[in-house]
Amino acid sequence: MSRSQRHLLIASSVVLFHLAAIWVLQTGLIRQALAVVVPVEILSEFIEPPKPQPEPPLQPPKPVVQAVPRPTAPPPPPMPLAIADPTPAPDAPTGVVAPPVPLPPIAAPVAATPTPKPVPAGPQIELPSSDADYLHNPPPNYPAKSRRMGEQGKVVVRVLIGVDGLAQKVEIRKSSGFDRLDEAALDTVKNWRYVPGKRAGVVEAMWFNVPINYVLE
């Protein structure tokens with residue numbers, strides 16, 4: 001190969017190298033290579049092998065304390081037992097036995113008082129009545145003269161009522177203080193009809209008190 005051919009080969013090689021470099025820069029192959037190479041280097045710098053941990057210091061073994069048994073005290077000697085001796089001592093005083101105290105006499109039991117028997121109740125008595133609605137008794141008569149004179153008071157008439165419900169006898173039990181009022185009360189009670197009284201459910205004649213009150217309005 002001549003000198004001119006060498007120069008031509010060198011020049012063409014240089015031109016090809018620059019063209020290849022320009023093409024590599026334009027296509028970004030260098031950046032991809034750097035992106036792959038740089039992280040590997042960085043990881044290689046930060047990842048370090050783990051450091052060995054120091055072993056804990058050895059603790060000395062604790063001494064074992066053994067309980068020393070205490071010497072037990074010897075049991076106390078047995079106490080002497082007292083034995084009853086029936087033979088009295090020569091210097092023992094002789095006792096005097098006192099006579100027994102007589103007990104008080106036992107009183108005789110008191111006889112129980114008999115409980116009185118309940119007295120049977122008497123037969124049921126139903127008193128006569130003069131205020132039954134079906135009797136239709138008229139009201140007492142108030143004398144006109146007594147009204148004009150201002151006479152008033154209460155009269156209690158005692159009347160004997162027969163088994164037929166009619167008045168058999170009438171009398172003044174309590175006076176009003178005025179004869180006209182007393183006579184008017186007797187006439188009224190004498191003409192009334194009554195419900196006769198009963199004893200143990202049996203009708204019989206009975207005395208009955210009829211009060212009549214004369215009051216001026």
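## A tour from the small sheet to the core

Start by selecting strand 4 (residues 197-199) together with strand 5: the two pair in the antiparallel sense over three bridges. Strands here are DSSP runs of E with at least two residues, helices are runs of H or I with at least four, and both are numbered from the N terminus. Two strands count as paired if DSSP finds at least two bridges between them. Residue numbers start from 1 along each chain as its sequence is written, and side-chain values use heavy atoms, with hydrogens and water left out. You're looking at a predicted model, where local features need pLDDT of at least 70 and side-chain atom pairs count only at pLDDT 80 or more, while totals for chains, interfaces and linings use all residues.

**The small sheet**

Pick Lys198 and look across to strand 5, where its bridge partner is Val203. Now add strand 1 to the selection: the three strands make an open sheet in the order 1-4-5, with antiparallel pairing. Its edges are strand 1 (125-126) and strand 5 (202-204), each of which pairs on one side only.

**Zoom out**

Show the whole protein chain and you'll count four helices and six strands. Walking along the sequence, the pattern is α-α-β-α-β-β-α-β-β-β. Of the 217 residues, 16% are buried, meaning under 20% relative accessible area with a 1.4 Å probe and protein chains only (over 50% is exposed, and in between is partly exposed). The chain's accessible surface comes to about 19,500 Å², and carbon and sulfur atoms own 64% of that; the method is Shrake-Rupley with a 1.4 Å probe. Among contacts (heavy atoms within 4.5 Å) with a separation of 6 or more, 70% are between residues 24 or more positions apart.

**Colour by confidence**

Next, colour by pLDDT, the predictor's confidence in each residue from 0 to 100. The chain averages 74, and 57% of the residues score at least 70. Among the elements, helix 2 (residues 29-46) has the lowest mean at 48, and strand 2 has the highest at 95. Select residues 34-47: pLDDT stays under 50 there, and the model has one contact for them beyond four places in sequence. Residues 80-97 are also below 50, with zero contacts beyond near neighbours in sequence. Where pLDDT is low, the predicted coordinates should not be read in detail.

**Strand 2 and its partners**

Move to strand 2 (153-161), which is mostly covered: seven of its nine residues are buried. Strand 2 runs antiparallel to strand 6, and nine bridges join them. Click Ile161 and you'll find Met206 of strand 6 opposite. Strand 2 also pairs with strand 3, again antiparallel, over six bridges. Two pairs to label here are Arg158, opposite Glu171 of strand 3, and Val157, opposite Ile172 of strand 3. Follow the hairpin between strands 2 and 3: five residues separate them, and Gly165 in the turn has a positive phi of about 85 degrees.

**Helix 4 and the core**

Now select helix 4 (residues 179-190), twelve residues reaching 16 Å from first C-alpha to last, close to the 16 Å expected (that is 1.5 Å times one less than the number of residues). Its buried residues are Leu181, Asp182, Ala184, Ala185, Leu186, Thr188 and Val189. What covers them? The cover includes helix 3 (144-149), strand 2, strand 3 (167-174) and strand 6 (206-214).

Show the largest nonpolar core, which has 16 residues. Such a core is a set of buried Ala, Val, Leu, Ile, Met, Phe, Trp, Tyr and Cys residues joined through side-chain atoms within 4.5 Å. Val159, Val189, Tyr194, Val210 and Tyr214 have the most contacts inside it. Strand 2, helix 4 and strand 6 each give it two or more residues, and helix 4 gives the most, with five. Centre on Tyr214: beyond four places in sequence, the residues it touches include Pro140, Tyr142, Gln152, Val155, Leu181 and Ala185.

**Last stop: Lys190**

Lys190 sits in helix 4. Buried or exposed? Neither: Lys190 is partly exposed, with a relative accessible area of 45%. Leaving aside neighbours within four places in sequence, Lys190 is in contact with Ala167 and Val170. Draw a distance from Lys190 to Val170: their C-alpha atoms are separated by 6.5 Å, though the residues are 20 apart along the chain.
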